[in-house]
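Okay, thanks for making time, everyone. I'll walk through a few backbone and strand details that caught my eye; let me put the structure up.

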Amino acid sequence: MSPKATTHRGYLTLALLTAILALITDQGTKMWALHALQPGQVRPLIGNFISLQLVFNPGAAFSFLAHSTWIFTAISIIITIAILWYLPRVRSWLWGIVLGLILGGAVGNLIDRLIRPPAVGQGHVVDFLNWNGWFIGNIADIWIVGGAAAIFLLTAFNISATEPKTKHD
């Protein structure tokens, strides 16, 4: 195997390991929240700015489209497939990490939508991080929003996902 092929495989491996780590942190903290918190109970974490509050969210942020859970299930599946399709083309460590975080977050919330009540594909996402009363989210949401912000910055600084830097750049 050529060194170039090994490097290409390295980007993919990094992205997939990042996704697995993101997924483990998301699902692990959700399991903790389900065992340690009661719905409606509020526990200060960082003063009142970030508190712990267990909710089961059928929609997106702010319970947007709460009665259309299947839409978010479909979006999560599409995002997951699109990232998995794109990852073998990535030639940037930064892009590999960022896409891995988004993939792990999307799969984390997708798992909730697939296995949690009330039904397959319509499950409610476990949220437990209350951000000053603005919204309640979870670790997957942090990975997705952080990854989206990173994509914006990588794009703004013209850092390509698929073109490796050369010594002349």
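**Strands first, then the odd backbone spots**

So, strand β1, residues 42-45, and strand β2, residues 47-57, pair in the antiparallel sense, with four bridges between them. Keep in mind as we go that this is a predicted model. The two strands make a hairpin, and there's one residue between β1 and β2. If you want a spot to get your bearings, find Pro44: its bridge partner in β2 is Ser51.

Now follow β2 to its pairing with β3. How many bridges join β2 and β3? Six, and again the sense is antiparallel. A handy marker here is Val55, which stands opposite Asp127 in β3.

Stay on β3, which covers residues 125-131, because I want to show you Asn130, and that residue lies in this strand. Is Asn130 buried or exposed? It's buried: the relative accessible area is 9%, and the cut-off for buried is under 20%. As for what's around it, leaving out anything up to four places away in sequence, Asn130 touches Phe49, Ile50, Ser51, Gln53, Phe135 and Ile136. You'll recognise Ser51 there as the bridge partner of Pro44. The Asn130 side chain also has a polar atom 2.7 Å from the backbone nitrogen of Gly133.

Move along to Asn132, in the loop between β3 and β4, where β4 is 136-137. A bit of background before the angle: most residues other than glycine have a negative phi, and most peptide bonds are trans. Well, Asn132 isn't a glycine, and its phi is positive, near 55 degrees. Its relative accessibility is 36%, so Asn132 counts as partly exposed.

There's another asparagine like that. Asn158 has a positive phi too, about 55 degrees. You'll find Asn158 in the segment after α4, the helix at 139-156. How accessible is Asn158? It's exposed, with a relative accessible area of 69%, where exposed means over 50%.

Last stop is a peptide bond. Which one is cis? Look at the step from Pro117 to Pro118: that bond is cis, with omega near 15 degrees. Pro118 belongs to the loop between α3, residues 93-115, and β3.

So, to recap the places to click on: the buried Asn130 in the strand, positive phi at Asn132 and at Asn158, and the cis bond between Pro117 and Pro118. That's my bit, happy to rotate things if anyone wants another view.

Technical notes. Residues are numbered from 1 along each chain as its sequence is written. This is a predicted model: local features need pLDDT of at least 70, side-chain atom pairs count only at pLDDT 80 or more; totals for chains, interfaces and linings use all residues. Side-chain values use heavy atoms; hydrogens and water are left out. Buried means under 20% relative accessible area, exposed over 50%, partly exposed in between (1.4 Å probe, protein chains only). A polar contact is a pair of N or O atoms within 3.5 Å; within protein, one must be able to donate a hydrogen and the other to accept it, and residues adjacent in sequence count only if both atoms are side-chain atoms. Contact means heavy atoms within 4.5 Å. Two strands pair if DSSP finds at least two bridges between them.
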